[in-house]
Amino acid sequence: MGVLIMCRVCKTKVPMDNMRYDDNGEDLICNDCYNKRHGTYVAPKSTAPEKRVVLNKPTERTRHEDDFEKKQNEDKVTFVCEKCKFKFSRKSGFPVNQCPYCSSTYIKEV
Ligand SMILES: [Zn+2]
Ligand SMILES: [Zn+2]
């Protein structure tokens, strides 16, 4: 701990925690230089907590929404899209004129 190592690129002395090997597996360089080379942010372990970004899968989104709505439900009307057969439900009285999945207007009440 507390050991400073000189970056092979910018010659700055940096704590070991803020260093990493370049892609050749030999040169120790500082995170700044690594980021400049590779464009990926590497957070120093000591400071920033790791953030995980969960990416939405766009194609599955409407189906999950639909499941969620069914669980909540009291007064729901189920519709089915004539074109893609996608089923979804909306509050009764809520105007439905488009399939949320394929945007088709061929909607039938089930
Ligand atoms: Zn450097
Ligand atoms: Zn549809």
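**A guided tour from the S5–S6 hairpin to the nonpolar core**

In this predicted model, begin by selecting strands S5 and S6, which form a hairpin with 5 residues between them; within the turn, Lys85 has a positive phi of about 65 degrees.

**The turn**

Centre the view on Lys85. This residue lies in the loop that links S5 to S6, and its phi is positive although Lys85 is not a glycine. Is Lys85 buried or exposed? Lys85 counts as exposed, because 10 C-beta neighbours are found inside 10 Å and a residue with 12 or fewer is classed in that way.

**The two strands of the hairpin**

Next, display the backbone of S5 and S6 together. The two strands run antiparallel and are joined by 5 bridges. To see how they face each other, select Val80, which stands opposite Lys87 in S6.

Now move to Val77, which also belongs to strand S5. Which residues does Val77 touch, not counting those up to four places away in sequence? They are Ser89, Arg90, Ser92 and Glu109. Draw a distance between the C-alpha atoms of Val77 and Ser92: the two residues are 15 apart along the chain, yet these atoms are separated by 5.4 Å. Val77 is partly exposed, with 14 other C-beta atoms within 10 Å. That class applies because the count of 14 falls between the limit of 12 or fewer for exposed residues and that of 20 or more for buried ones.

**The other side of S5**

Add strand S7 to the selection. Strand S5, residues 76-81, is joined to S7 by 3 bridges, and this pair also runs antiparallel. Here the residue to pick is Phe79, which stands opposite Glu109 in S7.

With the three strands shown, the whole sheet can be viewed. It is an open sheet of 3 strands in the order S6-S5-S7, with antiparallel pairing. Its edge strands are S6 (87-91) and S7 (107-109), each of which pairs on one side only. On average, neighbouring strands of the sheet are turned by 35 degrees against each other, direction ignored.

**The loop between S6 and S7**

Select Ser103, which is placed in the loop between S6 and S7. Ser103 has a phi near 65 degrees, a positive value in a residue other than glycine. Ser103 counts as exposed, because there are 10 C-beta neighbours inside 10 Å.

**The nonpolar core**

Leave the sheet and turn to an earlier part of the chain. Which residues make up the largest nonpolar core? Select Met19, Ile29, Cys30, Cys33 and Tyr34, 5 residues in all. Strand S4 (28-30) and helix H1 (31-38) are the elements that give two or more residues to this core. In soluble globular proteins, nonpolar side chains tend to be buried together.

From this core, centre on Cys33. Apart from neighbours within four places in sequence, Cys33 is in contact with Cys7, Val9 and Cys10.

**The whole chain**

Finally, zoom out and colour by secondary structure. The protein chain contains 2 helices and 7 strands, which follow one another along the sequence as β-β-β-β-α-α-β-β-β. Of its 110 residues, 8% count as buried. Among contacts between residues at least 6 apart in sequence, 20% join residues at least 24 apart.

Technical notes: Residues numbered from 1 in each chain as written. Chains lettered and ligands numbered in written order. Predicted model: local features only at pLDDT ≥ 70, side-chain atom pairs only at ≥ 80, totals over all residues. Pairing = 2+ DSSP bridges. Helix = DSSP H or I, 4+ residues; strand = E, 2+ residues; numbered from the N terminus. Axes fitted to C-alpha atoms, helices over the stretch in contact; angles between N-to-C directions. Core = buried A, V, L, I, M, F, W, Y, C linked by C-beta atoms within 7 Å. Contact = placed C-beta atoms within 7 Å.
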